[in-house]
Amino acid sequence: MKNLTITVDDEVLEWARIEAARRGTSVSRMVGDFMAEMQQRQDAYQRAYLAWRSDERRWQAPGLAEPAARSPAPPAPRSNAKAARQP
């Protein structure tokens, strides 16, 4: 493991010390756990994004009609004949 030096506000450090004591751990361990959790979340997000992109590519595979060609066009806006007659 490597050491890391960080700078935090006094109030943040006081909170971190109290929170670490409440959890039965050290501030150092708490910061390390936080960073590891953030890394895992980022990795999970990246995997989900890549899976989504993979699914999107399969959905638009060659030979399939374009999405716009499969769905009907939206109806044309209706004109308001009464409003057009008023001066």
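**Pockets and helices in a predicted model**

Colleague: How do the residues of the lining of the second largest pocket divide into nonpolar, polar and charged?
Modeller: Bear in mind that this is a predicted model, where local features need pLDDT of at least 70 and side-chain atom pairs pLDDT 80 or more, while totals for chains, interfaces and linings use all residues. Numbering starts from 1 along each chain as its sequence is written, and side-chain values use heavy atoms, without hydrogens and water. Ala, Val, Leu, Ile, Met, Phe, Trp, Tyr, Cys and Pro count as nonpolar, Asp, Glu, Lys and Arg as charged, and the others, Gly among them, as polar. For this lining, that gives 10 nonpolar, 1 polar and 3 charged.

Colleague: Which residues lie nearest the centre of the second largest pocket?
Modeller: A pocket is an open set of points on a 1 Å grid over the protein atoms alone where a 1.4 Å probe fits, with protein on both sides within 12 Å along at least five of seven lines; lining residues have an atom within 4 Å of a point. The second largest pocket has a volume of about 240 Å³. Of its 14 lining residues, those nearest the centre are Trp15, Val27, Met30, Val31 and Phe34.

Colleague: Which element gives the most to that second lining?
Modeller: Two elements, helix 1 and helix 2, each give two or more residues to the lining of the second largest pocket. Helices are DSSP runs of H or I with at least four residues, numbered from the N terminus. With 6 residues, the top contributor is helix 2.

Colleague: And what is the volume of the largest pocket?
Modeller: Met1, Lys2, Asn3, Leu4, Ile6, Val27, Ser28, Arg29, Val31, Gly32, Asp33 and Met35 form the lining of the largest pocket. They divide into 6 nonpolar, 3 polar and 3 charged. The volume of this largest pocket is about 370 Å³.

Colleague: Is isoleucine 6 buried, partly exposed or exposed?
Modeller: Good one to ask about, as Ile6 is in the lining of the largest pocket. Isoleucine 6 belongs to the segment before helix 1 (10-23). Buried means under 20% relative accessible area and exposed over 50%, with partly exposed in between (1.4 Å probe, protein chains only). Because its relative accessibility is 48%, isoleucine 6 counts as partly exposed.

Colleague: What share of the protein's residues count as buried?
Modeller: Along the chain, the elements run α-α-α-α from the N terminus. That comes to 4 helices and 0 strands. Of the 87 residues, the share that counts as buried is 5%.

Definitions and conventions:
Grid points are joined across faces, edges and corners, and a volume is the space filled by probe spheres set on the points.
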